Amino acid sequence: MNATVRVSVVALFCLAAAACAKKQEVKPAPPPEAAPPTAPATTEGAFTPADLQTNACLRTRVIYFDFDKSDIQSQFDNIVACHAKYLRDRPMARMTIEGNTDERGTREYNLGLGERRGNALASALEAAGASADQIKVVSYGEERPVCREHNEGCWHQNRRDNIVYTAE
Amino acid sequence: MRTVMRTPRLLVAILFMLCAAVCANVAAAQGLTLQIVNGVPSAIPITVVPFGQQGSGPAAPVDVAQIVGMDLARCGKFRTLPNSEIVQSPTTGAQIKFATWQQLKQDYIVVGSASYDGGVLKVDYQLWDVNKQQMLLQNTVARQGSDLRRAGHEIADQIYQKIIGVRGAFDTRIAYVTMVGLGDHAQYALVVADSDGYNPQTVVRSHEALLSPTWSPDGKEVAYVSFESGNSAIYIQNIATGARRLVSSRPGINGAPRFSPDGKRLAVSLSFQGNPEIYVMDLGSGALTRLTHNLSIDTEPSWSPDGQSIIFTSDRSGKPQLYEIPAGGGSPQRITFQGQYNADVSVDYDGKKLAMVQGNGNVYRIAVMDRSTGGQEIFVSPGNLDDSPSWAPNASMLLYAATEGPRGVLYSVSADGRVRQRLVLSDGDVREPAWGPYRTP
């Protein structure tokens with residue numbers, strides 16, 4: 001490796017680090033589709049399975065949490081409302097909520113924390129009229145990260161509930 | 001500027017090609033390599049002279065003297081003379097020129113010779129006190145088949161016991177979990193290996209997460225958590241036969257198994273009654289006794305050596321801390337008060353030293369709390385994302401998992417934290433080490 005290449009490698013890592021740092025600043029807000037202005041929670045008429053593909057709110061299947069927290073942030077209220085309405089409109093629909101954590105802390109404790117996050121969303125859906133037997137909660141703890149860097153930008157993406165419809 | 005921008009793009013391509021090559025090599029490289037990270041000047045100086053050969057048979061396929069030397073060096077209590085400084089090669093006590101080794105400031109010297117005949121490795125060795133010019137040990141060790149390296153660990157154990165006065169724990173095994181690939185291509189394995197990381201043997205493979213391996217007290221079985229069914233479930237598996245049984249797949253979490261010291265019960269954390277609680281399962285009948293009753297996360301139970309109490313992690317006070325409860329049920333008492341986050345305890349053989357994950361801010365390290373000195377704590381790992389502490393059966397060393405860059409690696413560390421050695425799987429992620437019990441010869 002000559003000096004130029006070595007400098008370039010360093011430059012590459014610096015670029016990568018800079019990119020990550022930048023991402024970190026922007027990241028705390030969840031992906032833009034999380035708060036779609038065109039998705040009123042109380043749509044007239046009943047949802048159909050087709051809406052799962054076309055309705056911007058129903059297409060959002062992930063909510064995020066603060067570190068070591070499991071309360072549903074108010075910015076996700078509309079997500080909870082539209083999925084609760086779907087479950088109300090479609091009594092045969094079934095959903096699995098997958099609770100996840102970031103990598104900090106122990107694996108077994110994080111299984112508990114992931115379950116707590118899953119239960120928090122299940123409770124919110126039930127409070128909004130969904131039936132308990134429509135919802136199953138599975139915790140994966142820190143075992144299913146979507147991002148593997150060791151920084152807050154990445155950890156934020158991993159502290160999440162995923163909504164998976166098992167029957168539409 | 002243009003060339004600077006173009007070069008990284010070329011480099012990115014090269015790096016991707018390198019990554020692809022590394023991935024293709026995943027199956028090829030399965031060994032563990034060892035590195036001494038830190039040394040202790042005050043450790044006992046000992047020379048293990050390379051062993052001579054007996055008879056006219058083939059050379060032994062393992063370097064027994066090297067195994068002995070590595071074992072003694074990594075426990076932190078000894079400092080071995082590097083081979084480059086070993087100027088004479090005695091193989092029996094009669095050949096030792098004590099003045100030479102006194103000049104090299106050695107306290108002890110080990111000499112020996114090996115034969116390898118019909119697949120049987122036989123080693124005769126002697127341990128001498130250099131200053132007293134006195135023989136302390138003379139023994140013959142024999143091994144065959146896939147167990148040749150055990151000859152070295154056995155000799156190291158005998159030397160350790162003679163000099164330190166405590167049973168050695170080198171001839172033991174460890175269990176850990178490996179992961180290669182990402183997402184849908186992830187491949188998990190539960191592996192059992194010698195205490196120095198050699199002779200890895202895959203016990204279980206899965207495309208879903210495996211976690212929390214733990215040994216039965218007789219060393220014949222491991223209990224672990226598997227997500228292969230889509231949710232956590234606890235299995236117990238016989239290492240030699242591969243036979244396994246499902247012990248819990250209730251709704252919710254089935255986690256954190258730990259065998260009782262008599263091997264008849266399994267402490268677990270289950271959430272089928274609403275949230276994670278500590279239970280004790282009778283392995284004969286399957287009957288469950290619930291020990292904890294509250295809305296917090298109660299998990300990671302670990303038995304006291306007498307089986308009378310269980311120490312576990314609970315966040316009932318807000319953040320995770322360690323609590324102790326009688327194994328038959330009763331009132332839990334909080335036992336950790338230093339650090340914001342204390343979890344995943346490993347209790348040593350006499351119940352005095354508790355190793356745990358201690359988190360402060362974003363730094364998670366292994367802390368050892370000595371209950372015999374009023375709860376004094378020392379850190380034995382540097383952080384930042386260290387977890388899964390596990391004592392050797394004689395508490396001379398600990399294993400733990402650390403994160404280095406993109407992957408997990410295992411370390412062994414002396415109980416005082418002064419000598420660390422990395423056990424590196426050459427590919428993928430290694431995690432959740434569990435040190436097994438003493439082995440019967």
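Strand 17 (residues 277-282) of chain B has 5 of its 6 residues buried, so it is largely enclosed by the rest of the structure. The model described here is a predicted one, and this strand is a convenient place to begin reading it.

Strand 17 of chain B is joined to strand 16 (residues 265-270) of chain B by 6 bridges, the two running antiparallel, and it is also joined to strand 18 (residues 288-290) of chain B by 3 bridges, again in the antiparallel sense. Tyr279(B), in strand 17 of chain B, stands opposite Val268(B), while in strand 18 of chain B the bridge partner of Tyr279(B) is Arg290(B). Both connections are hairpins: between strand 16 and strand 17 of chain B there are 6 residues, and between strand 17 and strand 18 of chain B there are 5 residues.

Glycines with a positive phi occur in these turns and also after two helices, as the table sets out.

| Glycine | Place | Phi |
|---|---|---|
| Gly274(B) | turn between strand 16 and strand 17 of chain B | about 125° |
| Gly286(B) | hairpin of strand 17 and strand 18 of chain B | near 80° |
| Gly76(B) | following helix 2 of chain B | near 90° |
| Gly129(A) | just after helix 5 of chain A | about 105° |

Helix 2 (residues 64-74) of chain B, which Gly76(B) follows, is mostly covered, with 10 of its 11 residues buried. Among the buried residues of helix 2 of chain B are the nonpolar side chains of Val64(B), Ile67(B), Val68(B), Met70(B) and Leu72(B), but Asp71(B) and Arg74(B) are buried there as well.

Turning to the other chain, chain A has a secondary structure of 6 helices and 4 strands, which from the N terminus on run in the order α-α-α-β-α-β-α-β-α-β. Of the 168 residues in chain A, buried residues make up 40%. Among the contacts in chain A between residues at least 6 apart in sequence, 75% join residues at least 24 apart.

The two chains touch each other, with 34 residues of chain B in contact with 22 residues of chain A. On the side of chain B that touches chain A, at least two residues each are supplied by helix 1 (2-24), strand 11 (210-215), strand 15 (254-259), strand 19 (298-303), strand 23 (341-347) and strand 24 (353-360) of chain B. The largest share, 4 residues, comes from helix 1 of chain B. By class, this side of chain B has 17 nonpolar, 14 polar and 3 charged residues.

Strand 19 of chain B, one of the elements named at this interface, also belongs to an open sheet of 4 strands in chain B, in which the order is 19-20-21-22 and the pairing is antiparallel. Strand 19 and strand 22 (333-334) of chain B stand at the edges of this sheet and have a single partner strand each, so one side of each is left without a neighbour in the sheet. Strand 22 of chain B pairs with strand 21 (residues 321-326) of chain B over 2 bridges in the antiparallel sense, and here Tyr323(B) has Arg334(B) as its bridge partner. A helix of the other chain packs on this sheet: helix 5 (residues 107-127) of chain A touches strand 19 and strand 20 (309-314) of chain B, and its direction makes about 155° with that of strand 19 of chain B.

Helix 5 of chain A is mostly covered, since 18 of its 21 residues are buried. At 1.5 Å a residue, the 21 residues of this helix should span 30 Å, and its end C-alpha atoms are 30 Å apart, which agrees.The nonpolar interior can be followed next. The largest nonpolar core has 118 residues, of which Val110(B), Leu190(B) and Leu398(B) touch the most other members. Leaving aside neighbours within four places in sequence, Leu190(B) is in contact with Ala175(B), Val177(B), Val203(B), Val204(B), Leu210(B), Pro213(B), Val222(B) and Tyr224(B). A second, separate core of 29 residues includes Tyr64(A), Ile79(A), Ile97(A) and Tyr140(A).

A charged residue may be considered last. Is Asp429(B), in strand 31 (residues 429-438) of chain B, buried or exposed? Asp429(B) has 20 C-beta neighbours inside 10 Å and therefore counts as buried. Not counting residues up to four places away in sequence, Asp429(B) touches Thr178(B), Met179(B), Arg407(B) and Gly408(B). The C-alpha atom of Asp429(B) is separated by 41 Å from that of Leu104(B), which lies 325 residues apart from it along the chain.

Key:
Residues are numbered from 1 along each chain as its sequence is written. Chains are lettered from A and ligands numbered from 1 in the order in which they are written. This is a predicted model: local features need pLDDT of at least 70, side-chain atom pairs count only at pLDDT 80 or more; totals for chains, interfaces and linings use all residues. Two residues are in contact if their C-beta atoms, placed from the backbone, lie within 7 Å. Two strands pair if DSSP finds at least two bridges between them. Axes are lines fitted to C-alpha atoms, for helices over the stretch in contact, and angles run from 0 to 180 degrees between N-to-C directions. The expected span of a helix is 1.5 Å times one less than its number of residues. A residue is buried if 20 or more other C-beta atoms lie within 10 Å of its own, exposed if 12 or fewer, and partly exposed in between; C-beta atoms are placed from the backbone. A nonpolar core is a set of buried Ala, Val, Leu, Ile, Met, Phe, Trp, Tyr and Cys residues joined through C-beta atoms within 7 Å.
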